[in-house]
Amino acid sequence: MPELPEVETVRRGLAPALEGARIARVQARRPDLRFPLTEGFGQRLTGATVEKLERRAKYLLARLSTGETLVMHLGMTGRFQVDVDGAVDVPGGFAEPTSHDDKHAHVVFDTEAGARITFFDARRFGYMAVLPTAELDEHAWFKGLGPEPLGPDFDAAHLARAFAGKTQNVKATLLDQRIVAGLGNIYVVEALHRAGISPRRPAGKISRPRLQALVEAIRQVLQEAIAAGGSTISDYAGTDGALGYFQHDFRAYDREGEPCLKPGCGGTIRRIVQAGRSTFYCPVCQR
DNA sequence: CCCACGACCTGTGGGC
DNA sequence: TGCCCACAGGTCGTGG
């Protein structure tokens, strides 16, 4: 799944086809994704112009001329394909879906300019809704979200406040979108490795200088991943060359049994399970 | 309130 | 080859 860098990459890939475009036709090929689609989903979108395509946490936000916003979340396996005049592009570094994916082509948008944007999602953990723009901030999906990790409100002081008194391990705590918005399993694992902090350490027991190092590690890994077009975990046949390539830069994630890459460390990456998710870390240099 | 855990849904890869 | 289990980039609801 797409975490912040993948969603941002998808946003950049979709923006040329969507921003300024008028939606001519919408096909909802089933009534629900993870949740039921908004009442009148296609009708509310048809004829609307997408003024801007933005991202908040892992959500894509298409700001519409109608005063509403199309909210899209990719879940674990959601991906978009853009077809323009017969040419296929798959923004976000996901490979072109093969024909048997057609049964997972759940929503299709056609623009007046002739672009077709198709949303595929095998596991259907993704979701979409059309919501009044003025009420977005109060909606349950956005109300409690923490700051953007690449924005001005995310710093060591914020983490110190958010972590204060927490006995939960820092790995699970960083996955909580109310603390900081947009991190997922991969980038939490990578950031903790870079910061030299054990994923098992209680969040409330991290010194201020190390929180500062954590903030910098999070920013750094996200920026590098965005520059690389995100990470592509699974391989699909028929790639179009647009795959993200940050997965080649993982230092801990999915490296169980391999040597720690921190110079002079000499440790071996371990895998443990925390909050039901795999954590990878080096017991030698992460304390 | 905090936290752990199962549920949601489908596909894939490894081991036997 | 086939079968079964574990696991997958996320989030939500329940229950202690």
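**Group meeting: a walk through chain A**

Good morning. The accessible surface of chain A comes to about 12,700 Å², and 48% of that area belongs to carbon and sulfur atoms. Please keep in mind throughout that this is a predicted model.

Let me begin with the overall form. Chain A contains 7 helices and 11 strands. Its radius of gyration is 20 Å, close to the 19 Å that the globule rule gives for 287 residues, so chain A is as compact as a globular protein of that length. Measuring along the principal axes is another way to describe the form: the C-alpha trace spans about 55 × 40 × 30 Å.

How much of chain A is buried? Of the 287 residues, 54% are buried, where buried means a relative accessible area under 20%. I shall use that cut-off again, together with its counterpart: a residue is exposed when the value is over 50%, and partly exposed in between. As for contacts, we may consider those with a separation of 6 or more; 65% of them are accounted for by residues 24 or more positions apart.

A word on charge. The chain carries 37 positive and 34 negative side chains. The centres of these two sets lie 9 Å apart.

I now turn to strand β8, which covers residues 115-120. Of its 6 residues, 5 are buried, so the strand is largely enclosed by the rest of the structure. Which strands pair with β8? One of them is β5, residues 79-84, which pairs with β8 in the antiparallel sense over 6 bridges. In β8, A115 stands opposite V84. Another is β7, residues 105-111, which is joined to β8 by 5 bridges and also runs antiparallel to it. There, T118 of β8 is the bridge partner of V108.

The connection between β7 and β8 deserves a moment. These two strands form a hairpin with 3 residues between them. In the turn, G114 has a positive phi of about 100°.

After β8, the chain enters the loop that leads to β9, residues 127-132, and R124 has its place in that loop. R124 also has a positive phi, of about 60°, although it is not a glycine. Is R124 buried or exposed? Its relative accessible area is 28%, so it lies between the two cut-offs and counts as partly exposed.

A second hairpin invites attention further along the chain. Strands β10 and β11 run antiparallel and are joined by 5 bridges. One pair of bridge partners is I272 and T279, the latter in β11. This hairpin has 2 residues between its strands. The loop in question connects β10, residues 270-274, with β11, residues 277-281, and A275 lies within it. What is the phi of A275? The value is near 50°, which is positive in a residue other than glycine. At 64% relative accessibility, A275 counts as exposed.

Finally, let us compare distance along the sequence with distance in space. My example of a meeting between remote parts of the chain is I226, found in helix α7, residues 208-227. I226 and P5 are 221 residues apart in sequence, yet their C-alpha atoms are 4.8 Å apart in space. With which residues is I226 in contact, leaving aside its neighbours within four places in sequence? They are L4, P5, E8, T9, R12 and L150. I226 has a relative accessibility of 13%, which is under 20%, so it counts as buried.

Two further pairs are also remote in sequence, and here the separations in space are as follows. P16 has its place in helix α1, residues 4-18. At 67% relative accessibility, P16 counts as exposed. The C-alpha atoms of P16 and D249 are separated by 28 Å, with their positions 233 residues apart along the chain. D254, in turn, is placed in the loop between α7 and β10. D254 has 56% relative accessibility and therefore counts as exposed. From D254 to Q27 the distance is 38 Å, C-alpha to C-alpha, and the two are 227 residues apart in sequence.

To close, I would ask you to retain two points. Strand β8 is largely enclosed by the rest of the structure. I226 and P5, 221 residues apart in sequence, are 4.8 Å apart in space. Thank you for your attention.

How values were computed. Residues are numbered from 1 along each chain as its sequence is written. Chains are lettered from A and ligands numbered from 1 in the order in which they are written. This is a predicted model: local features need pLDDT of at least 70, side-chain atom pairs count only at pLDDT 80 or more; totals for chains, interfaces and linings use all residues. Side-chain values use heavy atoms; hydrogens and water are left out. Helices (H or I, at least four residues) and strands (E, at least two) are DSSP runs, numbered from the N terminus. The radius of gyration is taken over C-alpha atoms; the globule rule is 2.2 Å times the number of residues to the power 0.38. Buried means under 20% relative accessible area, exposed over 50%, partly exposed in between (1.4 Å probe, protein chains only). Contact means heavy atoms within 4.5 Å. Accessible areas come from the Shrake-Rupley method with a 1.4 Å probe; for residues, only the protein chains shown count as cover. Lys and Arg count as positive and Asp and Glu as negative; His and the chain ends are not counted. The place of a charge is taken as NZ of Lys, CZ of Arg, CG of Asp or CD of Glu. Two strands pair if DSSP finds at least two bridges between them.
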